[in-house]
Amino acid sequence: MCGFAVVLNGRPLDAADVESVLIRRGPDGRGEAAIGDGWGLHRRLAIIDLSEGSAQPMALGDDVQLFYNGEVYNYEQLRSLGVFQTDGDTEVFGRALLEGTVGDLRGMFAGVATDGSTGRFARDRFGIKPLYRSATAGAVAIASQLRCVPALTGQRSINADAVASVLRFGSVVGATMFGGVEEITPGTHGVIDGEVSTLGAPAVPQRTLGDSIRAAVGRHLVADVPIALLLSGGVDSAVLGRAIRDVGGDATAITLSPGGEVDESARARRTAKEFGFAHRVVEVRLPEVVADIDAFFDAADQPSIDGLNTFLVSRAVHDAGFSVALSGLGGDELFGGYSSFRRAWATHQLRHLPAPAVRRLLSAAGAPPHKLDRWVEHRGDLGALAAISREVFSPAEVRRLCGTMWDPPVRSLPGGDPLIDAEVSLYMTPTLLRDSDAHSMAHSVELRVPFLDDELVAHATRRSTFDRARRGKRVLAEALDDDHLRRLAAEPKTGFRLPIDEWLRADLGDRLDAALSHGSPLSAVVDVDEARLLGANGPWSRQWVFVVLNEWLVRHG
């Protein structure tokens with residue numbers, strides 16, 4: 001796991017500033033090179049093949065240098081098919097990139113092979129690893145973090161579509177915060193400024209779901225350093241724990257304990273004991289979190305109402321001496337763990353009823369009042385219902401706030417389930433995965449996500465919308481035939497929740513007031529009078545979004 005920045009046909013405006021963004025991504029090694037008419041910088045976090053043989057940039061012959069961020073979990077299998085000079089996965093990725101065989105890679109990756117004037121790139125199917133591109137005055141810059149771009153090319157004008165996206169979905173979806181800078185589409189590879197192809201559906205073995213879970217987790221345990229497991233009180237991380245035990249692996253479980261009603265540490269302790277893991281429970285002192293909130297804002301690559309949990313647990317992983325951790329991210333999103341899946345499916349079944357009847361039924365079922373009208377209006381469209389579930393403000397409210405509206409594209413996954421397509425495109429990739437990368441790497445920690453293994457994704461996308469809504473994640477417990485997992489699946493979902501609503505009324509109230517004041521960075525892109533009015537009605541996210549957007553603009557606007 002690493003971070004890099006490359007300029008084709010040019011040099012960075014400020015190489016030192018670029019490195020200041022990337023340095024925490026790679027504390028174990030540094031490589032800088034002039035490549036023909038171009039330039040590149042790489043910072044290394046050594047996970048596989050700790051030797052200098054896998055240092056970067058890596059020469060691939062004919063004046064081509066490789067800059068790569070990620071892990072290829074099946075690299076040993078692919079190495080057996082050819083002759084390689086090094087012992088890790090970096091050279092395997094580089095060879096696949098040049099030969100156009102990146103579809104054979106199983107893992108998370110983003111990388112560029114270049115001679116300084118042109119080159120090839122690739123990004124994994126879900127965008128687990130980030131990759132950004134900008135072009136100006138004949139030069140092209142590609143980087144692991146958006147925040148590198150101003151120091152690479154000078155581009156830092158704020159993108160109005162991205163502001164609208166943050167207001168609607170709580171994060172930047174289908175755009176970037178800087179105008180003229182694009183996020184390279186997940187699951188694509190090709191020539192920079194040339195022909196681009198989509199990674200096809202991978203060939204996966206036909207195995208039972210239980211065997212596929214074990215195989216995926218086994219792949220994600222490939223490392224030359226010790227591994228941690230982010231253990232909550234829920235099903236996803238417990239499934240990973242059971243699979244680690246089944247394949248004979250080892251990990252140290254780490255759990256955050258904030259106290260109060262949402263503390264999951266007791267359930268996590270039961271899981272750790274059940275599967276025989278060493279277990280560290282890290283107390284989260286909430287006043288200290290508030291006092292250190294600027295470190296969280298500093299780490300954000302783009303504004304997001306999510307990510308603070310990941311920031312805190314990644315710091316705990318780093319402080320415990322680990323640089324790799326397995327996360328249950330993707331379990332809820334692909335296997336139907338959220339109540340929003342069931343609510344959307346149930347609402348869709350009412351699509352033939354008159355609107356007043358649907359309104360009464362949804363209201364009685366506890367539908368959020370500020371979303372009720374849109375749920376009724378769009379009851380015939382599953383994808384729209386899924387999008388509404390993720391909205392902070394409605395499109396009409398977004399127009400009131402910033403004068404425009406952003407409707408991002410939704411990628412289709414195999415299986416044709418509009419609920420999953422929307423969940424992945426509007427939330428999992430642009431919020432969870434982006435935040436996980438930024439906030440884990442801010443602590444020099446690599447987060448791995450076994451539920452996004454190609455083999456498990458194939459199982460998830462074969463399920464029907466009805467089955468996902470009806471059985472949810474119980475299928476995971478049944479697949480591993482484990483009574484402890486069945487008990488967890490039957491218990492109410494809790495999740496690690498921070499009291500941001502309380503903080504906004506107390507310790508963080510001054511941040512909200514500052515954001516909504518005339519003359520704040522936020523006021524240049526949002527009507528703060530409308531923001532005060534609309535933010536006062538509804539959940540805490542309708543105020544928190546103004547804080548995180550303003551804090552990002554303070555730092556990078």
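Here are four short exercises, with worked solutions, on the predicted model above.

Residues are numbered from 1 along each chain as its sequence is written, and side-chain values use heavy atoms, without hydrogens or water. Local features need pLDDT of at least 70 and side-chain atom pairs count only at pLDDT 80 or more, while totals for chains, interfaces and linings use all residues.

**Exercise 1. Find the residues of the largest nonpolar core that touch the most other members, and the helix that gives the most to this core.**

Step 1: Start with the terms. A nonpolar core is a set of buried Ala, Val, Leu, Ile, Met, Phe, Trp, Tyr and Cys residues joined through side-chain atoms within 4.5 Å; buried means under 20% relative accessible area, with a 1.4 Å probe and protein chains only.

Step 2: The largest core has 92 residues, and F93, L105, F126, I213 and L452 touch the most other members.

Step 3: Helix α18 (residues 418-441) leads the contributions with 10 residues. Helices here are DSSP runs of H or I with at least four residues, and strands are runs of E with at least two, numbered from the N terminus.

Step 4: Look around L452: leaving out residues up to four places away in sequence, its contacts (heavy atoms within 4.5 Å) include F126, L329, M428 and V457.

**Exercise 2. Work out how enclosed helix α3 (residues 90-99) is.**

Step 1: Count the buried residues: seven of the 10, so α3 is largely enclosed by the rest of the structure.

Step 2: Name them: T90, E91, V92, F93, G94, A96 and L97.

Step 3: Find what they pack against: β4 (58-61), β5 (64-72), α2 (75-79), β6 (107-114) and β7 (119-123).

Step 4: Just after α3 comes G100, with a positive phi near 75°.

**Exercise 3. Lay out the five-strand open sheet and explain its edges.**

Step 1: Write the order, β15-β14-β13-β16-β17, with parallel pairing. Two strands pair if DSSP finds at least two bridges between them.

Step 2: β15 (278-283) and β17 (446-448) each have a single partner strand, so one side of each is left without a neighbour in the sheet.

Step 3: Check one pair: three bridges join β13 (residues 228-230) to β14 (residues 252-257), and L230 has I254 as its bridge partner in β14.

**Exercise 4. Describe how helix α11 (residues 308-319) meets α18.**

Step 1: Their axes, lines fitted to C-alpha atoms over the stretch in contact, with angles from 0 to 180 degrees between N-to-C directions, come within 8 Å and cross at roughly 35°.

Step 2: T310, F311 and S314 of α11 meet D435, S436, H439 and S440 of α18.

How values were computed
Buried means under 20% relative accessible area, exposed over 50%, partly exposed in between (1.4 Å probe, protein chains only).
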